[in-house]
Structure formats: C-alpha cells, structure tokens
Amino acid sequence: MTDQQLDGGAALGYSSQLLSFSLDRLKKEPKLLAEEELRLQRALQTTATTHYDAFIKTASCLQTIDTELNSVCGHLDHLLQDIPKLVSTCESFSVQSSSVLEQHTQNKLLAREQATLLELLEVPQLMDTCVRNGVYDEALDLQAFVGRMGLLHPDVPLVNLLMTQVAEVGQTMLQQLMSRLKSSIQLPECLRIMGYLRRMAVFSEADLRLQFLQCRDEWISSLIDELDDTQDAYEHVKHLTDIHRLYLFDAIMQYRAIFFGGGSSVAGATGTGPGGQSQSAATASLLQNPTVLATSIRESSMLHSWVQHRLSLYLNMLRRYLPLITEGGNLASMLEHCMYCGSSLSRVGLDFQGLLQPLFETCSLGLLAQHLAGAVEVFNTRLESHKWVSMPAPVMPKSRHHLARTTSSNDGNSAASNGASNTGEPSPRGEGIAGMPPEQQQQQQQ
C-alpha cells in the first residue's frame, strides 16, 4: 500500500472516532492534538539526536543510490541499443546450436553403432587377408556385400571409400588368379579359378577365353624358355616335344571343359551337339541373330587360332634344331617321338603328323648328303695318301696270239707306269694290282 492510502485510512478512522466523542471532548481535542504534536516533536528531536549517524548514513545511501540509478539508466540505454545485436546473435547461435545438436545426435548414433561401423571398416582388411590366404569365396562374398551397399547408399562417403578399397583388393585378387593360370594347375583348380573370374565380372565371355589362352600360352612359353639351348640338340627337341605333348594337351582339354562343358552354341548350330530338336532350335535362333552367331564363331575360333599359333612355333623350332642332330639313330628316334606327340594330340583334334614328314625328310637327306660327302672326302684322302708299287705282270701264254696280246698289254702298262712316275702322280690301283703276282695281289686285296 502507498502512503496516500495509509493517510486516507487513518483520516477516515479518525473522523469516525470524532463522531463518537462528546461535546466536551471535542472542545478539548485541539489542545490534546497540540500536546501530542509537541510530544512527537520532542520525541523526534530526541531520536534524531540519539541516532544522528543513521541519518547521515541514510543521506549517504540516498546519494549513492541516486548515482547508481543514474549509472543503471546509462547502462539501460546501452542495453537498449545492443538489444538488436543480441537478437541477431541469439538467432545465429540458434542456427549453430541446431547444427551442433544434429552433430551431437549423429555422434550418439555413431557411438551406438560403433561395433557395426568397425566391422564395415574392417571389410577391406578382411578381404585382403582372405585373398592372401587364397580364400577367394569369402573374398568374393565380401566384395558382393560392399557392392550391394554401394547400390543402396551411393551418396554415403564411407560406402564410397569402402568400394574404392575393395576394388583395390579385388585388383590384387585378379592378379593372383591370373598368375595362378600362368602356372602348372590341374583341371579342378582351373575350373575354380575361372569360376572366380566369372563371379568377379571383370571380363566378358570372349575376353575371358582370350585371357585364359594368353595365360596358358605364357605358361608354355616359360617352360620352353627354361630349356637349356646349350645342351644336345636331340635332348632339347625331345624336351620341347614333351612339353607340347603334355601341356598343350592339358590346355586344350581345360579350355574345352571350361567353355564347352555345357555345349557351345556353335557346336549346336553346326549339328555337333546332342539332341536333334534342340540343335534345330539353336540353329534357328542363331541364324535369326547374326550378331550372336558372329560372336559365337569368334569365341570358338580363338582355340583354333591359338593352337595353330603354338603348332607353327613348334614346327619353326623343329626346323631350327633338327639340322643340328648329326646321328641318324637319334633322328629316327626323334621322328618316332614327334609322331607319338602328334598321335597323342590327335585325340583333341591336333594331328600334325603329316607336317613332320617334310621336315624329317629334308633333315634325313641333308644328313645323308653330309655323311656321303664325308665318306667321299675320306676315300679321296686315303687314295691320295696311299703309296702305289708297280710290278711286272706274270707271263702265262697259252698260244702265240695270247702271248702277243699279253706283251702288248705289258708294254702299255709299262708306258703308263713310266708316265705316272715321270709326272709324279700315283698309278691307278687296278694297274698296280694287275702287275703283281697272284700271291701279292691276294695280300694287297686283303
């Protein structure tokens, strides 16, 4: 309540009190009021005298309050001026706090899904471990899992990072599989490796066939390069033939088992596949689609082209090393070895025995000519180094006519012998033997 309200209430109470007074009392009321005022003034003076320090302090407080109020008014003016800045700052803080709140929410979600995220981040490392240990099935499963995640969440940076790392590990796995194809592997392992390559979906069917033939070609070429060129030509050709007989046969069988296991479209179109109606249907479908027919023919012709290439290299090597074989027995043995190789490869449709005959015929004729030339040279050397001795022929006339003919023959032999002696050339062997007695002729012939 305010002072005015208090004063009004007191006056109203005093007025009602006056109405209850008697006349005498009303006459005495001014005197009583004067005495009361005097008493109050004296009490006030006594109180002021007694408590003067409180009044001084009160005055000082009032002055301080007045000064502080003026300062507060100044600060209030500055506050009113800074309120718009405060409002804008609060609005920016609200925006920033919303982003911070969103980040906080994401951090809470990250903390809750920490185990799952760690498993996802370990997928490339786990796939690399599987590749290093040769566990390609699990590695391909992990790659497929990351690929599905990339399709579902293409805009997530973490998923894109995982796809990049998995692609790098997949490239390493591809190199390992290709290197395995360039080594000595059997058909079951070869089927597994080609299955892995098909699951990776890196190559098309035609490229997959081409890559397989290239890897096997490099493997056979590496085996041929390991052969020692300085060794005997017979052993070199023998080992070369064994390599083609064993590994070329394996490569062709592996190719057919991998790519023609279920019956190729070309085989069906040409009538070589099983089933008459299915063959007719396949033929009709291929004839209606020339592009598919051309692709099928190109894919099936890769094997024939590669086999022809390997065979031409083998025949060129035979042309190079067969002339270096100097023994007829070794050449005949090598012919049997090469013919056996051709008959072995004929089981896969690679019978090249007819191409061997001209090579070995040429080498045989060359070897025969070489040996004949050597024999003629030795014979001429023996003739040149032999010392001929001229002796008179025995006289055994049976008649006068025979005696005259023998005499004329001896004169001719003597003239020829003298001419050979004068020229320094040896007389023929027949003439020397004819001029010897029968006993010496037998000894000379022996």
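**His337.** I looked up His337 first and found it in helix H14, residues 328-345 (helices are DSSP runs of H or I, at least four residues, numbered from the N terminus). This is a predicted model, where local features need pLDDT of at least 70 and side-chain atom pairs count only at pLDDT 80 or more, while totals for chains, interfaces and linings use all residues. Residues are numbered from 1 along each chain as its sequence is written, and side-chain values use heavy atoms, with hydrogens and water left out.

Is His337 buried or exposed? His337 is buried, at a relative accessible area of 19% (buried is under 20%, exposed over 50%, partly exposed in between, with a 1.4 Å probe and protein chains only). Not counting residues up to four places away in sequence, His337 touches Lys238, Thr241 and Asp242 (contact means heavy atoms within 4.5 Å).

**Helix H8.** Next I checked H8, residues 187-200. Its buried residues are Glu189, Cys190, Ile193, Met194, Tyr196, Leu197 and Met200. They sit on the same side of H8, because they cover an arc of only 155° around the axis (the arc is taken from the directions from the helix axis to the C-beta atoms). Among the elements covering them are H6 (136-152), H7 (157-181), H9 (205-225) and H10 (233-259). Right after H8 comes Ala201, with a positive phi near 55°.

**Leu197.** I then followed Leu197 outward. Leaving aside neighbours within four places in sequence, Leu197 contacts Leu174, Leu177, Met178, Leu181, Val202 and Leu208.

Key: Helix = DSSP H or I, 4+ residues; strand = E, 2+ residues; numbered from the N terminus. Expected span 1.5 Å × (residues − 1).
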